[in-house]
Amino acid sequence: PKPTKTKISQLAAHRSKRARVSGWVHRLRQQKDITFITLRDGTGYLQAVLSGRVNQTYHALTLTLESTVELVGNVQVVPEGKTAPGGHELIVDYWQLIGAAPGAEDAFTNRLNEKTNPSIQADLRHLVIRGETASAVLRLRAALLAAFRQTYAKHSTIEVTPPCLVQTMVEGGATLFKLDYYGQPAFLTQSSQLYLETCLPSLGDVYCVQESFRAENSHTRRHLSEYTHLEAELGFINFDDLMAHIEAMICESVDILLADPNSAALIKQLNPKFQAPSRPFLRLSYVDAIAWLNEHGIKRPEEDKDGNPIKDKSGKEIMVEHAVGDDIAEAAERQMTDIIGKPVFLYGFPAELKAFYMKRMPQKEGSDVLFTESCDLLMPNVGEIVGGSMRIADYDEMIAAYKREGMDPSAYYWYTDQRKYGTCEHGGYGLGVERLLAWLADRFTVRECSLYPRWPERATP
Ligand code: 4AD
Ligand code: MG
């Protein structure tokens, strides 16, 4: 009788017994009368040995990479001095070809690797994800989301699923994807923040894991047109509580990953030098960050009134010192985080640079710049991974904010009502899952951290 089917990750329980596994031929080696297969089933890798009569069949001789097979045999602990994934191998006595793949002659199967032209890799993302590195990143991504969910549950924070189809903006009209919604204008959501805020009186502290969409014509290592946005909103807190919470969620989730042998092994595989960040994270005010940039000679391109860089006669951008009120651009931010070399909270950005809903700090005497209770968390190699703030809690102040931004308050009636029917001091944040993963798994770009990444000229596969 055939033994029952087993996943590769469960085979340790079947040592010295017969087992049946199915999967893809990940590696293949013919050695005289023996065929060695590394079988992949998503849960792990298994070394299988086909010898003697089982190896003499036509299919065994013409077996190709990426074909699917079913293998039946004895699970044997590998002899001392030999290594195999899991410490055992399958000595096959019966096997069956399920679906043949084109094999070595095929341009994809054998030659697709990390050095392949990035645009071909992107076209073949559906095959790339079969690779050891890409699948490890996806596996770690799943573990990361599970760890966050566990951490939120521990902190009595409830998961909700806000809509993706919306008729309001959160982070400015410039990056909205517009669409026709049964003849009415609508957008793909940029952030679920406003919906999360409305949940506070219903569910208490809430979070969501939802896709956000940004029509930014950015071709950087850290921008996607669609990304997974982990957002949370907390009631009856102050700005310090908010930063402490962000830090706790990240550190506790990382601790969960490191404590689990499977996810710890993935981190080790992808980012061998990774160490859990030490707490508390460094906190640097925006004003101090501007001074820091100037002390370190990190300049910004001078811009004309439309925000375009001004070039000198030779076509080079003219670089100038940062001043309070300036945006800290991606390049400067990256240099800063790379020098500091550990997580850092930048906080207290000028209101001019930030979104309409952010709570303002009391204006400093003698200063004409208004600052907000806002923070960005920056990570080495990636830069900003979290953006958060305290929100305007006062009704009249909210109405004034719409006016200042030229927004039509009527579309936001449900958001404004939050301030009418029992307001509270509250705040929250959004974390870019692909960016956090790029930091954790030491990936060069967030494109490697998304299943099927989207950027301006790509929405396929
Ligand atoms: O800083 P952002 O725009 O903040 C918000 O959307 C707030 N409404 C969130 C909130 O308070 N609930 O975005 C938050 C995070 C960024 O720090 C970044 O990690 C990620 O979302 N992000 C992107 N990730 C990939 N590609 C893009 N184009 C991204 N834009 C933002
Ligand atoms: Mg931001």
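# Exercises around a ligand, its sheet and its cores

β11 (226–235), β17 (383–390), β18 (426–432) and α13 (433–440) each give at least two residues to the shell around ligand 1. Keep in mind that this is a predicted model. Let's work outward from that shell.

**Exercise 1. Describe the shell around ligand 1: which residues come nearest, and how do its residues divide into nonpolar, polar and charged?**

Step 1: start with the residues themselves. There are 24 around ligand 1, and S191, Q193, G387, G430 and G432 come nearest.

Step 2: sort the shell by character. You get 8 nonpolar, 9 polar and 7 charged residues.

**Exercise 2. Place β11, β17 and β18 in their sheet, and find what packs on it.**

Step 1: read off the strand order. The sheet is open, has 8 strands, and runs β6-β10-β11-β18-β17-β16-β15-β12 with mixed pairing.

Step 2: look at the ends. β6 (158–159) and β12 (282–285) are the edge strands, each pairing on one side only.

Step 3: zoom in on β17 and β18. These two pair in the antiparallel sense over 5 bridges, and V386 stands opposite L431 in β18.

Step 4: add the helix. Helix α6 (residues 193–203) packs on the sheet, where it touches β6, β10 (206–213), β11 and β18. The direction of α6 makes about 35° with that of β11.

**Exercise 3. Work out the order and pairing of the open sheet formed by 3 strands.**

Step 1: the order is β7-β9-β8, and the pairing is antiparallel.

Step 2: that leaves β7 (165–166) and β8 (177–181) as the edge strands, each paired on one side only.

Step 3: check one pair up close. β7 and strand β9 (residues 184–188) share 2 bridges, and the bridge partner of L165 in β9 is L188.

**Exercise 4. Compare how β5 pairs with β3 and with β4: parallel or antiparallel?**

Step 1: take β3 (residues 45–50) and β5 (residues 88–99). They run parallel and are joined by 4 bridges; here Q47 stands opposite E89 in β5.

Step 2: now take strand β4 (residues 68–77). β4 pairs with β5 in the antiparallel sense, over 10 bridges, and V77 has H88 in β5 as its bridge partner.

**Exercise 5. Find the largest nonpolar core and the residues with the most contacts inside it.**

Step 1: this core has 77 residues, and L140 and L437 have the most contacts inside it. Helix α7 (residues 239–259) gives the most to this core, with 8 residues.

Step 2: follow L140 outward. Setting aside neighbours within four places in sequence, L140 is in contact with S263, L266, I267, L270, L437, L440 and A441.

Step 3: don't stop at one core. A second, separate core of 19 residues includes A19, V21, L50 and L63.

Step 4: put this in general terms. In soluble globular proteins, nonpolar side chains tend to be buried together.

**Exercise 6. Decide whether Q31 is buried or exposed.**

Step 1: locate Q31, which sits in strand β1 (residues 18–31).

Step 2: count around it. Q31 has 9 other C-beta atoms within 10 Å, and exposed means 12 or fewer. So Q31 is exposed.

Step 3: try a distance as well. Q31 and S51 are 20 residues apart in sequence and 9.7 Å apart in space, C-alpha to C-alpha.

**Exercise 7. Sum up the whole protein: how many helices and strands does it have, and what share of its residues is buried?**

Step 1: count the elements, which come to 13 helices and 18 strands.

Step 2: of the 461 residues, 34% are buried.

Note on methods. Residues numbered from 1 in each chain as written. Chains lettered and ligands numbered in written order. Predicted model: local features only at pLDDT ≥ 70, side-chain atom pairs only at ≥ 80, totals over all residues. Core = buried A, V, L, I, M, F, W, Y, C linked by C-beta atoms within 7 Å. Buried ≥ 20, exposed ≤ 12 C-beta atoms within 10 Å, placed from the backbone. Contact = placed C-beta atoms within 7 Å. Near = placed C-beta within 6 Å. Nonpolar A, V, L, I, M, F, W, Y, C, P; charged D, E, K, R; others polar. Pairing = 2+ DSSP bridges. Axes fitted to C-alpha atoms, helices over the stretch in contact; angles between N-to-C directions.
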